[in-house]
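I pulled this one up to see how it packs inside. Notes follow in the order I looked things up.

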Amino acid sequence: MSDIWIIAAIICVAVVLFIWNRLPVVIVAMGTGLSLWATGVLTLNEALSGYGDPAVIFIASLFLMSAALERTGVTAWAGQQLIASAGEDSRARLLALNGLLVALLTALISLNGAVAALLPVVVVMAVRLRRAPSQLLMPLVFSAHAGSLLALTGTPVNVLASNAAFEAGFGRFGFFEFTLVGVPLLLGTLAIIILVGQFLLPNRGGPSMPADFSAHARTLVEQYGLADGVFRLRVRETSAYVGAATPLDFSAYPGLTVIAIQEGDTAAPVKRGYIAMGDHILVRGDAEGAARLAADQHLAFRPEEGDAEAEEALFNRRSGLAEVMIPPRSAMIGREVFPGMTTDSGDLIIIAVQRGGADVGPGPTTLEAGDTMLLQGTWKALDVRLNDPEVLVVNSPDVVRRQAVPLGQGAKQALIILGGMVFLLATGLVPAAVAGVLAGFALILSGVLTVDQSYRAVDWTTVILVGALMPLSAAMEQSGAAALLAEGLVALVGDAGPYALLAGLFVLTAVLGQLISNTATALIVIPIGVAAAMGMGVSPLPVLMSIAVAAAASFLTPIATPTNLMVMGPGGYVFGDYWKLGLPLMIWFFVVAVFLIPVIWRF
């Protein structure tokens with residue numbers, strides 16, 4: 001059997017397995033590469049070469065930047081600005097601002113990251129504005145698909161198309177060269193959504209709605225009775241507490257209890273054993289007693305801020321709150337704790353303890369199964385320490401911070417690093433993979449992400465999928481399979497010319513893209529398109545750009561992309577809802593891919 005027939009059989013089996021969806025896509029993808037080696041089509045080094053390809057490294061680095069912007073609250077801030085700007089009355093303005101924001105984020109941090117970051121924001125917006133989530137969530141995702149063509153970083157398919165152009169000898173697409181086609185796609189998408197979307201989308205909400213943590217601090221403060229009687233006192237230079245050993249003796253102030261002593265610059269619990277100027281003392285009790293303490297000990301006191309003072313003291317950009325529950329058989333059962341106590345790690349403070357929803361403080365309490373504790377510490381400490389299996393975390397601090405702390409700690413560094421990466425990519429001073437790796441280095445060295453967080457940020461399914469299927473494209477070219485398929489396609493379109501070629505490739509890519517990953521589809525179709533262009537004697541640049549547009553037109557089924565599935569539950573969508581709005585959008589993408597692209601990139 002010739003290599004061409006072997007490759008055809010492998011592709012057919014892979015496509016069937018992708019559609020069957022019973023095996024993990026990474027297993028199918030990796031099995032495809034190994035099959036090429038086992039059948040002798042490729043050597044082992046060739047079959048595994050994709051995992052070390054610069055394009056794969058660059059795609060992985062984009063996930064780090066996406067995670068950095070989300071973790072530091074940049075996307076939460078953008079969402080809040082969106083809610084403030086959208087207003088309650090104008091549906092068109094709401095959809096337009098939604099679409100523009102998600103498109104911009106997609107262009108910078110990839111499709112999955114942008115939709116995941118804005119999904120809870122848009123759901124909360126729908127609830128607040130009394131609109132059906134189904135009217136907002138699918139437009140959000142489809143606008144993100146259009147936004148993926150605004151820049152090179154929008155989707156892995158763009159990177160693959162750019163690399164294919166370079167390998168064909170025509171140079172890579174520029175970072176903002178995709179914008180020439182992305183802007184018309186986005187504007188047309190928004191116009192269709194605004195004009196006819198309300199008639200093509202259902203009016204319903206889903207059973208699975210993402211939680212809204214935008215007011216999480218106030219919720220916890222009120223639940224644990226901290227809204228009244230919690231005061232943050234700053235230690236002045238003239239205070240007698242400067243240099244005093246911890247814990248402090250408050251016997252002279254009956255009715256006041258120390259619940260935390262925080263470092264002034266980090267908001268972490270004081271570990272040094274003494275108090276320094278600028279530290280904060282959090283006390284609980286009556287306002288009169290706190291005022292007397294402040295006057296006696298020369299502490300800065302701001303009682304006029306009311307509830308906001310307690311929230312700001314306990315929940316801010318540097319530190320936060322977390323609620324944990326003691327599960328059955330936990331080693332914590334039987335331990336004696338009290339409000340103000342520092343945990344064994346030394347970087348978390350027990351603010352309050354409840355049993356059956358009632359406060360059991362302020363004195364020592366022996367923990368029982370089902371008790372809940374409110375812990376306070378830096379966000380980093382909450383992330384690290386709450387992995388303890390002896391407690392159950394009620395709400396992940398990581399998820400809470402992303403929604404409730406806009407422009408949190410590290411946001412400025414993340415934005416500067418993003419700007420630097422975009423500058424390197426736009427100017428071409430270094431290869432894209434180098435720009436991505438440098439951005440990853442900067443995120444870790446600046447403390448925006450830890451090494452472990454960087455590992456978790458990468459969508460390894462996508463990375464492995466791209467790396468595993470890259471050898472398939474190489475095998476199709478080396479064996480002549482791509483040329484053979486291209487000759488068949490050229491013969492099929494006959495004398496209709498290159499426009500018919502674009503139409504045929506669009507249909508092929510779009511149909512496959514509704515059933516399997518658009519990245520996998522692009523890896524299969526790109527070598528066919530390049531070979532067909534060469535066979536016709538035309539430039540492959542419009543062909544590759546048309547394939548990228550077709551790959552982004554994944555509108556007709558919920559399984560076409562992870563983001564389509566992501567909104568299915570919260571939006572209450574069923575399988576048949578997608579094609580109704582997706583079909584007119586696909587027609588618009590077809591028009592751009594077949595008729596506009598050749599005007600910009602000549603045959």
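**Around Phe506**

I started at Phe506 and skipped its neighbours within four places in sequence; the residues in contact with it (heavy atoms within 4.5 Å) are Ser546, Val549, Ala550, Ala553, Met586, Phe589, Phe590 and Ala593. This is a predicted model, so local features need pLDDT of at least 70, side-chain atom pairs count only at pLDDT 80 or more, and totals for chains, interfaces and linings use all residues. Residues are numbered from 1 along each chain as its sequence is written, and side-chain values use heavy atoms, with hydrogens and water left out.

**Cores**

Next I looked up the largest nonpolar core, meaning buried Ala, Val, Leu, Ile, Met, Phe, Trp, Tyr and Cys residues joined through side-chain atoms within 4.5 Å. I get 140 residues in it, and Phe506 is among those with the most contacts inside it, along with Phe173, Val181, Val549 and Phe589. Helix α4, residues 54-71, gives the most to this core: 11 residues. Helices here are DSSP runs of H or I with at least four residues, strands are E runs of at least two, and both are numbered from the N terminus. Another core lies apart from it, with 36 residues, including Val230, Val324, Ile350 and Leu367.

**Whole chain**

I count 26 helices and 11 strands in the protein chain. Of its 603 residues, 55% are buried, which means under 20% relative accessible area with a 1.4 Å probe, protein chains only. I also checked contacts with a separation of 6 or more: residues 24 or more positions apart account for 79% of them. Last, I noted the box filled by the C-alpha atoms, roughly 95 × 55 × 45 Å along the principal axes.

How values were computed
Buried < 20%, exposed > 50% of the residue type's maximum accessible area, 1.4 Å probe, protein only.
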